[in-house]
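Welcome! Please take a moment to look over the sequence and the model, and keep both at hand as you read.

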Amino acid sequence: MATVRGDALWWRCSSFCNGGTCVEVALQADTVAIRDSRDPDTWLMVSAAGWRSFIHDVKNGLVRHES
């Protein structure tokens, strides 16, 4: 994970990032900020519990990806 500081948050993106088209996250105590690296001025906040649940579901194949 690479770390970038911006807007008083430490943004991290995966080392699998594809030419700057990445999802970046900034972890805080009770929340997680999520943004698209192509639009760094806009992000959404989710609860840390919600983020953990989402990551769990992705790792266990419970989230579908359609292109």
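The report below goes from the overall layout to the strands, the cysteines and the aromatic rings.

## The model at a glance

What you are looking at is a predicted model. The protein averages a pLDDT of 83, and 87% of the residues score at least 70. Confidence is not even along the chain: among the elements, helix α1 (residues 48-59) has the highest mean pLDDT, 93, and strand β1 (residues 2-6) has the lowest, 49. It is sensible to read the placing of strand β1 with care, given that mean of 49.

The secondary structure comes to 1 helix and 5 strands. Starting from the N terminus, the order of the elements is β-β-β-β-β-α. The protein has 67 residues, and buried residues make up 22% of them. Of the contacts with a separation of 6 or more, 11% are between residues 24 or more positions apart.

## How the strands pair

Let us follow the strands along the chain. Strands β2 and β3 pair in the antiparallel sense, over 2 bridges. Here C13 stands opposite E24 in β3. Strand β3 in turn is joined to β4 by 5 bridges, and these two strands also run antiparallel. A hairpin through 3 residues makes the link between β3 and β4.

E24 is a handy landmark in this part of the model. Its bridge partner in β4 is R35, while C13 stands opposite E24. One step along, V23 has D36 as its bridge partner in β4.

The pattern goes on with β4 and β5, which pair in the antiparallel sense over 5 bridges. One of the facing pairs is I34 with L44 in β5. The hairpin that joins β4 to β5 runs through 6 residues.

## The cysteines

How many disulfides does the count come to? The count is 1 disulfide, and this disulfide joins C17 to C22, with the sulfurs 1.3 Å apart. C13 is in no disulfide; the nearest cysteine sulfur, that of C22, is 4.7 Å away. That pair is not counted because a disulfide needs sulfur atoms within 2.5 Å.

Where does C17 lie? The place of C17 is in the loop between β2 (9-13) and β3 (23-27). The two partners in the disulfide can also be described by their accessibility. C17 has a relative accessible area of 28%, so C17 is partly exposed. C22 has a relative accessibility of 8% and therefore counts as buried. C13, at 12% relative accessibility, counts as buried too.

## A meeting of two loops

Now turn to S37, which has its place in the loop between β4 (31-36) and β5 (43-47). C17 and S37 are 20 residues apart in sequence, and their C-alpha atoms are 9.7 Å apart in space.

Is S37 buried or exposed? S37 counts as buried, because its relative accessibility is 19% and the cut-off for buried is under 20%. Which residues does S37 touch, leaving aside its neighbours within four places in sequence? S37 is in contact with G20, T21, C22 and E24. Two of these names have come up before: C22 is joined to C17 by the disulfide, and E24 is the bridge partner of R35.

## Rings and a charge

The count of aromatic pairs comes to 2. One of them is formed by W51 and F54, a tilted pair with 5.7 Å from centre to centre and 35° between the planes. Both residues lie in helix α1, 3 residues apart, about one turn of the helix. W51 is buried, because its relative accessible area is 18%, whereas F54, at 39% relative accessibility, counts as partly exposed.

Another ring to look for is that of W11. The charged end of R35 sits over the ring of W11, 3.9 Å from the centre of that ring. R35 is already familiar as the bridge partner of E24.

## Looking back

To retrace the path, begin at C17 in its loop between β2 and β3 and cross the disulfide to C22. C22 is in contact with S37, and S37 is in the loop between β4 and β5. S37 also touches E24, and E24 has R35 as its bridge partner in β4. From R35 the path ends at W11, with the charged end of R35 over the ring.

Methods. Residues numbered from 1 in each chain as written. Predicted model: local features only at pLDDT ≥ 70, side-chain atom pairs only at ≥ 80, totals over all residues. Heavy atoms only, no water. Helix = DSSP H or I, 4+ residues; strand = E, 2+ residues; numbered from the N terminus. Buried < 20%, exposed > 50% of the residue type's maximum accessible area, 1.4 Å probe, protein only. Contact = heavy atoms within 4.5 Å. Pairing = 2+ DSSP bridges. pLDDT = per-residue confidence, 0-100. Phe/Tyr/Trp six-rings, centres within 6.5 Å; stacked < 30°, edge-to-face > 60°. Lys NZ or Arg CZ within 6 Å of the ring centre and 35° of its normal.
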